[in-house]
Amino acid sequence: MPTTLNAIQKVKSSFPVRNIKFNFDPSTRYWFDKDPLYSHFLNTLSAITAQGELFLIRMLRTLRERINDPVLQADISAFIGQEAMHAKEHTAYHRYADQNGIDIETFEQQLIQIYTLLDRTLPLMDRIAIGCAIEHCNGTFGAELLRNDAWNQKMVGPLRDLWLWHAVEENEHKAVFFDAYHAAGGGYTRRIVWMILGCSIFAGLMTYGTARLLIADKKFLSKKHLQSISQIIHPRTGLFNISVLKEFLDYIRPSFHPFDYDTKQLEQRWQKELNLKVQ
């Protein structure tokens with residue numbers, strides 16, 4: 001490696017790695033506003049996350065051999081530590097699913113095949129560009145979940161704490177993948193192409209995964225289901241509102257950087273409320 005292990009150890013990362021463990025046993029089936037769609041939407045996202053975090057870790061471990069900056073190397077180590085904890089707890093999420101008769105496992109096995117295919121067929125820098133897109137989505141959605149009390153207060157129990165903790169850490173490390181991509185010579189066109197393709201695939205997976213859980217519950221395309229969709233995409237008050245859309249689309253700006261959106265106060269608020277370790 002261009003940067004020695006001793007050099008990395010002398011540099012402190014800009015965010016901590018926390019040892020977190022949740023007890024999902026007391027979780028109710030519809031833990032998000034007692035709503036099947038909201039709950040199964042994030043149940044689906046958890047399945048994608050559990051394997052997706054491991055996908056990100058594999059890529060960054062390989063890419064870091066091309067990076068000389070000891071500060072970025074330290075942040076990469078912390079990023080890997082945080083994402084490993086995310087993968088562990090989202091895998092443990094299956095306890096809640098199993099106890100409530102929710103089949104996440106089948107979908108996750110399908111996802112493993114997809115991630116394996118990407119590993120085998122795409123060049124590293126294309127996979128890193130996908131990682132940049134994933135991290136931008138995670139940071140943008142996570143920030144809105146933290147900021148929008150009308151929505152984060154609808155969640156209950158340990159699953160609420162898991163998602164809010166995850167959202168805090170996604171914003172703490174939201175620039176690492178982006179900076180590593182550019183430090184290794186990644187360009188604008190590749191980054192944008194894979195944002196478009198990656199988001200299309202992600203939207204398809206989220207739709208498929210959520211629909212299969214709703215169908216299993218015999219709640220697909222019910223009146224309540226349609227009302228929930230209209231509320232979540234409301235342009236002013238929805239979780240996916242106009243401001244979120246603008247921030248998401250700002251990724252296409254050539255000079256974009258994740259830290260253009262300062263979430264430090266938001267992170268500090270939730271670090272305190274969730275009693276999370278800080279630097």
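**Exercise 1. Charges over rings**

Take the predicted model and find which ring the charged end of Lys 154 sits over, then do the same for Arg 191.

*Solution.* Start with the lysine. The charged end of Lys 154 sits over the ring of Trp 151, at 4.0 Å from the ring centre. Now go to the arginine: Arg 191 has its charged end over the ring of Tyr 251, and here the distance to the centre is 4.6 Å. The cut-off for a charge over a ring is 6 Å from the ring centre, and both 4.0 Å for Lys 154 and 4.6 Å for Arg 191 fall within it.

**Exercise 2. Rings with rings**

Count the aromatic pairs, and work out which residues the ring pairs link into a cluster with Phe 22.

*Solution.* The count first: there are 16 aromatic pairs. Next, follow the ring pairs out from Phe 22, and you pick up Phe 24, Tyr 93, Tyr 96, Trp 163 and Trp 165 as cluster members. Keep Trp 165 in mind, since this residue is also in contact with His 86, the topic of the next exercise.

**Exercise 3. Two histidines and their surroundings**

Place His 86 and His 166 in the secondary structure, decide whether each is buried or exposed, and list what they touch beyond four places in sequence.

*Solution.* Step one, placement. His 86 belongs to helix H3, which runs over residues 70–92. His 166 is part of helix H8, residues 157–172.

Step two, burial. The relative accessibility of His 86 is 0%, so this residue is buried. His 166 comes out at 5%, and is therefore buried as well.

Step three, contacts. Setting aside sequence neighbours up to four places away, His 86 meets Glu 53, Trp 165, His 166, Glu 169, Glu 170 and His 173. For His 166, the corresponding list is Thr 49, Glu 53, His 86 and His 90. Put the two lists side by side and Glu 53 turns up in both.

Step four, polar contacts. The side chains of His 86 and Glu 169 are joined by a polar contact of 2.7 Å.

Step five, the backbone. His 166 and His 90 are 76 residues apart along the chain, and their C-alpha atoms are 9.8 Å apart.

**Exercise 4. Positive phi in a loop**

Asp 33 and Lys 34 are not glycines. What are their phi angles, and how exposed is each?

*Solution.* Locate the residues first: Asp 33 sits in the loop between helix H1 (5–9) and H2, and Lys 34 is in the loop between H1 and H2 too. Then read the backbone: phi is positive for Asp 33, at about 60°, and positive for Lys 34, at about 55°. Finally, check accessibility. Asp 33 has a relative accessible area of 31%, so call it partly exposed. Lys 34 reaches 74%, which means exposed.

**Exercise 5. Leu 37 and Met 155**

Compare where these two residues lie, how buried they are, and what they touch.

*Solution.* Leu 37 is in helix H2 (residues 36–63), whereas Met 155 is in the loop between helix H7 (149–152) and helix H8. Being in a loop doesn't put Met 155 outside: at 2% relative accessibility, this residue is buried. Leu 37 is buried too, at 8%.

For contacts, leave out residues up to four places away. Leu 37 touches Thr 210, Leu 214, His 225, Ser 228 and Ile 229. Met 155 is in contact with Trp 31, Phe 32, Leu 42, Leu 145, Arg 160 and Leu 164.

Then try a couple of distances. Leu 37 and Gln 113 are 76 residues apart in sequence, with 26 Å between their C-alpha atoms. Met 155 and Glu 169 are 14 residues apart in sequence and 18 Å apart in space, C-alpha to C-alpha.

**Exercise 6. The whole chain**

How many helices and strands does the protein chain have, and how does its radius of gyration fit the globule rule?

*Solution.* The tally is 13 helices and zero strands. The radius of gyration is 18 Å, close to the 19 Å that the globule rule gives for 279 residues, so the chain is as compact as a globular protein of that length. Along the principal axes, the C-alpha trace spans about 55 × 40 × 35 Å.

Now look inside and out. Of the 279 residues, 53% count as buried. Among contacts with a separation of 6 or more, 84% come from residues 24 or more positions apart. The chain exposes about 13,100 Å², with carbon and sulfur atoms supplying 58% of that area.

How values were computed: Residues are numbered from 1 along each chain as its sequence is written. This is a predicted model: local features need pLDDT of at least 70, side-chain atom pairs count only at pLDDT 80 or more; totals for chains, interfaces and linings use all residues. Side-chain values use heavy atoms; hydrogens and water are left out. Helices (H or I, at least four residues) and strands (E, at least two) are DSSP runs, numbered from the N terminus. Buried means under 20% relative accessible area, exposed over 50%, partly exposed in between (1.4 Å probe, protein chains only). A polar contact is a pair of N or O atoms within 3.5 Å; within protein, one must be able to donate a hydrogen and the other to accept it, and residues adjacent in sequence count only if both atoms are side-chain atoms. Contact means heavy atoms within 4.5 Å. Rings of Phe, Tyr and Trp (its six-membered ring) pair if their centres lie within 6.5 Å; planes under 30 degrees apart count as stacked, over 60 as edge-to-face and the rest as tilted. A charge sits over a ring if NZ of Lys or CZ of Arg is within 6 Å of the ring centre and within 35 degrees of the ring normal. The radius of gyration is taken over C-alpha atoms; the globule rule is 2.2 Å times the number of residues to the power 0.38. Accessible areas come from the Shrake-Rupley method with a 1.4 Å probe; for residues, only the protein chains shown count as cover.
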